[in-house]
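Thank you for giving me a few minutes this morning. I would like to walk through one model with you, slowly, and then leave time for discussion.

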Amino acid sequence: MGLDVWFREDIANALLAAEEASATTVAAVGNNEVIDPETIRAFRQGFRAALATVALAFGLEPKNDN
């Protein structure tokens with residue numbers, strides 16, 4: 001069994017990539033009249049909360065740019 005080593009910068013980059021994927025998804029559906037703006041806002045808020053939770057689990061300070 002190998003030893004997994006995670007560098008803080010690699011974890012931060014993975015979290016940034018996930019955030020970008022979320023933002024791209026929202027941009028793609030943002031002008032969709034079927035999905036109301038409040039639902040999109042709630043999705044983004046929940047997604048960012050999940051990323052912050054993962055960041056904290058790895059000892060990283062999550063970004064807070066509301």
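Before anything else, a word on usage: when I say contact, I mean heavy atoms within 4.5 Å. Please also keep in mind throughout that this is a predicted model.

Let me begin with the overall picture. The secondary structure comes to two helices and zero strands, and of the 66 residues in the protein, 15% are buried. If we take the contacts with a separation of 6 or more, 59% of them are between residues 24 or more positions apart.

Now to the two helices. Helix H1 covers residues 8-29 and helix H2 covers residues 37-57, and their axes come within 10 Å of each other and cross at roughly 175°. Since angles over 145 degrees count as roughly antiparallel, H1 and H2 are therefore roughly antiparallel to each other. On the H1 side the contact is made by Leu15, Ala18, Glu19, Ser22, Ala23, Val26 and Val29, while H2 contributes Ile40, Phe43, Arg44, Phe47, Arg48, Leu51, Val54 and Ala55. By character, the residues of this contact divide into eleven nonpolar, one polar and three charged.

Taking H1 by itself, its 22 residues reach 32 Å from the first C-alpha to the last, which is close to the 32 Å expected at 1.5 Å a residue. Its buried residues are Ile11, Leu15, Glu19, Ser22 and Val26, and because they cover an arc of only 75° around the axis, they lie on the same side of H1. On the other side of H1 we find Glu9, Ala27 and Ala28, which are exposed. As for what the buried residues of H1 pack against, the partner is H2.

H2 can be described in a parallel way. Its 21 residues should span 30 Å at 1.5 Å a residue, and this agrees with its end C-alpha atoms, which are 30 Å apart. Here Ile40, Arg44, Leu51 and Ala55 are buried, and they cover an arc of only 50° around the axis, so that they are placed on the same side of H2. The face turned away from that buried side carries the exposed residues Thr53, Leu56 and Ala57, whereas the buried residues of H2 pack against H1.

I would like to dwell on three positions in H1, starting with the charged one. Is glutamate 19 buried or exposed? Its relative accessible area is 19%, and because buried means under 20%, glutamate 19 counts as buried. And which residues is glutamate 19 in contact with, once we leave aside its neighbours within four places in sequence? They are Arg44, Phe47, Arg48 and Leu51.

Serine 22, also found in helix H1, has a relative accessibility of 2% and so counts as buried. Not counting residues up to four places away in sequence, serine 22 touches Phe43, Arg44 and Phe47.

Finally, valine 29, which again has its place in helix H1, counts as partly exposed at 27% relative accessibility. Leaving aside neighbours within four places in sequence, valine 29 is in contact with Ile35 and Ile40. Valine 29 and isoleucine 40 are eleven residues apart in sequence, and their C-alpha atoms are 8.6 Å apart in space.

To return to the main point, then, we have a predicted model in which H1 and H2 are roughly antiparallel, with the buried residues of H1 packing against H2 and the buried residues of H2 packing against H1. I am happy to take questions.

Terms used. Residues are numbered from 1 along each chain as its sequence is written. This is a predicted model: local features need pLDDT of at least 70, side-chain atom pairs count only at pLDDT 80 or more; totals for chains, interfaces and linings use all residues. Side-chain values use heavy atoms; hydrogens and water are left out. Axes are lines fitted to C-alpha atoms, for helices over the stretch in contact, and angles run from 0 to 180 degrees between N-to-C directions. Helices (H or I, at least four residues) and strands (E, at least two) are DSSP runs, numbered from the N terminus. Angles under 35 degrees count as roughly parallel, over 145 as roughly antiparallel, 65 to 115 as roughly perpendicular and the rest as oblique. Ala, Val, Leu, Ile, Met, Phe, Trp, Tyr, Cys and Pro count as nonpolar, Asp, Glu, Lys and Arg as charged, and the others, Gly among them, as polar. The expected span of a helix is 1.5 Å times one less than its number of residues. Buried means under 20% relative accessible area, exposed over 50%, partly exposed in between (1.4 Å probe, protein chains only). The arc is that of the directions from the helix axis to the C-beta atoms.
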